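Student: I should like to learn how the terms used for a protein model are justified by its values. May we go through them step by step?

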Amino acid sequence: MKATTEDIIIKNIANHRAFFSTQKTKEISFRIAQLQKLKKAILEYQEKIENALWIDLHKSPEEAYLTEISIVLGEIDNHLKHLKKWASPKKVATPIHLLPSASKVVYEPLGVALIVAPWNYPFQLLINSLVGSISSGCCCVLKPSPDTPNVAKVMETMILENFDSDYISVVQGGRETNTTLFAQRFDIIFFTGSSKVGKVVMRAAAENLTPVVLELGGKSPCIVAADANIDVAAKRIAWGKLINAGQTCIAPDYLFAHQSIKDELLNKIAGNIKSMYGDDIKQSRFYPRIVNEKATERLSTLLKEGKIHTGGDVDVKEKFIAPTIIDEVTPDFLIMQEEIFGPILPVMTFNHIDEPINYINKNEKPLAFYYFGKNKNAKEVLLKTTSGGACINDTLMHITNDNLPFGGVGNSGMGSYHGHESFLAFSHKRAVVTTPTWIDLPLKYAPFKYFKWMKKII
Ligand SMILES: NC(=O)C1=CN([C@@H]2O[C@H](COP(=O)(O)OP(=O)(O)OC[C@H]3O[C@@H](n4cnc5c(N)ncnc54)[C@H](OP(=O)(O)O)[C@@H]3O)[C@@H](O)[C@H]2O)C=CC1
Ligand SMILES: CCCCCC(=O)O
């Protein structure tokens, strides 16, 4: 009888547990060798990955390298450079009542990890977290998104060809497969996707008290103040909004523009769209497509309210939505209710900075936060708000610094990764105290003869 998906998954996990119990993944030399193997595999598969990203998302090789492949290669290099230091036990101070004991933190792999990735950066968001799993010494089940099937297939082939399937395995499938995976006992679940499914993951993980890292989404605001450099703001907002046709979890979701500069800003954003993609954007090989017709139709419903300043063209069959700026938006509009995740930029205006601050603070905590204006005011605004990450006078770029933690807060996620944070995300920090036997201070033992001295030192 043909094995069911559940049988395959359960067997996969059992094999990973058996592999993990050999203790092989705890050897730093093993982990370094696997990271080097992953880097080599990515370079060998680069063209196939780029071709698959073109087929699935019309993502140009240039954008694929910039926003997917180079980010993972940089992450691997960072881990190769620092892993020995990150993985070495850390001596910590020992309080007087514990002397002459010695204290340290030992970093241990959590065990068998599950990594579930979305379709918008299907290579980067699956393999970048895998780097953390490898460098911490975990075994891993990878679950690519079914919505970018060509990329999912290429990644499966690349992993199968280069790694022991008892160490790293790939499971393909949709919602049902996810449900089966979420119900299994993992030692960590690393999920990237919507907040809605993030809650499903967390509920399932609770059954086994499995720690989760949830890289979720949300509506990331972008404020442009009256004293902003409008040319720079217009260029960087157009870029940040239209990379991957807006299907980016940290894209500036909506604009709050000061009344006095709004018209100039919108006209300059429109000008930058032309500069990047030409007059007939549909012909540009640099402009990606929406992931599928269903998502294209969802986005087209958001165009019904407000005043279209730029764009508005939709071709569902082509999965094409033109970069669109919608002016005169109010908070009750449909477009302001959920994450857009597409190339549509709704614009609201303000006169006093408290207006956007109050609006943002009344809504869910965003994954990213962008502010264009003088730094002294930016500090003030950042102090009064919160978000997963933020840029002042830029967009998206905080994700490219792997010395910074990348993650959400509240509804936009929990936990973080990239660089050292990825190593820590998949590690357990074990406290170890070593006590000599040549001396045994009587303070802690009943009948507490020296209690009054003990109280003085603890
Ligand atoms: N923080 C980050 O780094 C990133 C966050 N994201 C976020 O991911 C979202 C877009 O990605 P997307 O993949 O569409 O995210 P979703 O979370 O909507 O879907 C993820 C997968 O889960 C499946 N699914 C849906 N409901 C359930 C359920 N009840 N049980 C099990 N599986 C389920 C979906 O299948 P089906 O297709 O059938 O719904 C899909 O395959 C956006 O919200 C975006 O902000 C994206 C990239 C990066
Ligand atoms: C530019 C790369 C961004 C990747 C993660 C995201 O925001 O969807």
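The dialogue below takes up the ligand, the cavities and some backbone angles.

Tutor: Please bear in mind that this is a predicted model. We begin with the ligand.

Student: What makes a residue part of the shell around ligand 1?

Tutor: A residue counts if one of its heavy atoms lies within 4 Å of the ligand. By that rule 25 residues surround ligand 1, and the closest are Trp119, Gly193, Ser194, Leu216 and Glu339.

Student: Why is the pair formed by Glu339 and ligand 1 called a polar contact?

Tutor: The cut-off for a pair of N or O atoms is 3.5 Å. A polar side-chain atom of Glu339 lies 2.5 Å from an oxygen atom of ligand 1, so the pair is a polar contact. Ser194 also has a side-chain N or O atom 2.8 Å from an oxygen atom of the ligand. For Asn178, the corresponding distance is 3.2 Å. Each of these values lies within 3.5 Å, and therefore both pairs receive the name as well.

Student: How much of ligand 1 does the protein cover?

Tutor: On its own, ligand 1 has 900 Å² of accessible area, and the protein covers 84% of that.

Student: Why is ligand 1 said to lie between two domains?

Tutor: Residues of the shell come both from domain 1 (6-216 + 408-432) and from domain 2 (221-400), so ligand 1 lies between them.

Student: Which element gives the most to this shell?

Tutor: H6 does, with four residues. Helix H6 (175-182), strand E6 (188-192) and helix H7 (195-206) each supply at least two residues. By class, the shell has 13 nonpolar, seven polar and five charged residues.

Student: What makes an empty space a cavity?

Tutor: A 1.4 Å probe must fit there but be unable to get out. With a limit of 30 Å³ or more, the count comes to two cavities. The largest holds about 70 Å³ of space, and the second largest has a volume of about 50 Å³.

Student: How do you know that Ile237 belongs to the lining of the largest cavity?

Tutor: A lining residue has an atom within 4 Å of a cavity point. Ile237 is listed in the lining of the largest cavity, together with others including Lys241, Ile273 and Leu345, so Ile237 meets that condition. H8 gives the most to this lining, with four residues. By class, the lining has nine nonpolar, one polar and one charged residues.

Student: Which residues line the second largest cavity?

Tutor: Among them are Gly218, Lys241, Asp253, Glu339 and Phe341. This lining has four nonpolar, four polar and three charged residues.

Student: What makes the backbone at Gln23 worth a remark?

Tutor: Most residues other than glycine have a negative phi, and most peptide bonds are trans. Phi of Gln23 is near 70°, a positive value in a residue other than glycine. Gln23 lies in the loop between helix H1 (5-21) and helix H2 (28-57).

Student: Which peptide bonds are cis, and what is omega in each?

Tutor: The bond from Leu99 to Pro100 is cis, with omega near 5°. Pro100 lies in the loop between strand E1 (90-92) and strand E2 (102-109). The bond from Ala446 to Pro447 is also cis, with omega near 15°. Pro447 is found in the loop between strand E18 (427-434) and helix H14 (451-457).

Methods:
Residues are numbered from 1 along each chain as its sequence is written. Chains are lettered from A and ligands numbered from 1 in the order in which they are written. This is a predicted model: local features need pLDDT of at least 70, side-chain atom pairs count only at pLDDT 80 or more; totals for chains, interfaces and linings use all residues. Side-chain values use heavy atoms; hydrogens and water are left out. A polar contact is a pair of N or O atoms within 3.5 Å; within protein, one must be able to donate a hydrogen and the other to accept it, and residues adjacent in sequence count only if both atoms are side-chain atoms. Accessible areas come from the Shrake-Rupley method with a 1.4 Å probe; for residues, only the protein chains shown count as cover. Ala, Val, Leu, Ile, Met, Phe, Trp, Tyr, Cys and Pro count as nonpolar, Asp, Glu, Lys and Arg as charged, and the others, Gly among them, as polar. Domain bounds come from an automatic or database domain assignment. On a 1 Å grid over the protein atoms alone, a cavity is a set of points where a 1.4 Å probe fits but cannot get out, and a pocket is an open set with protein on both sides within 12 Å along at least five of seven lines; lining residues have an atom within 4 Å of a point. Grid points are joined across faces, edges and corners, and a volume is the space filled by probe spheres set on the points.
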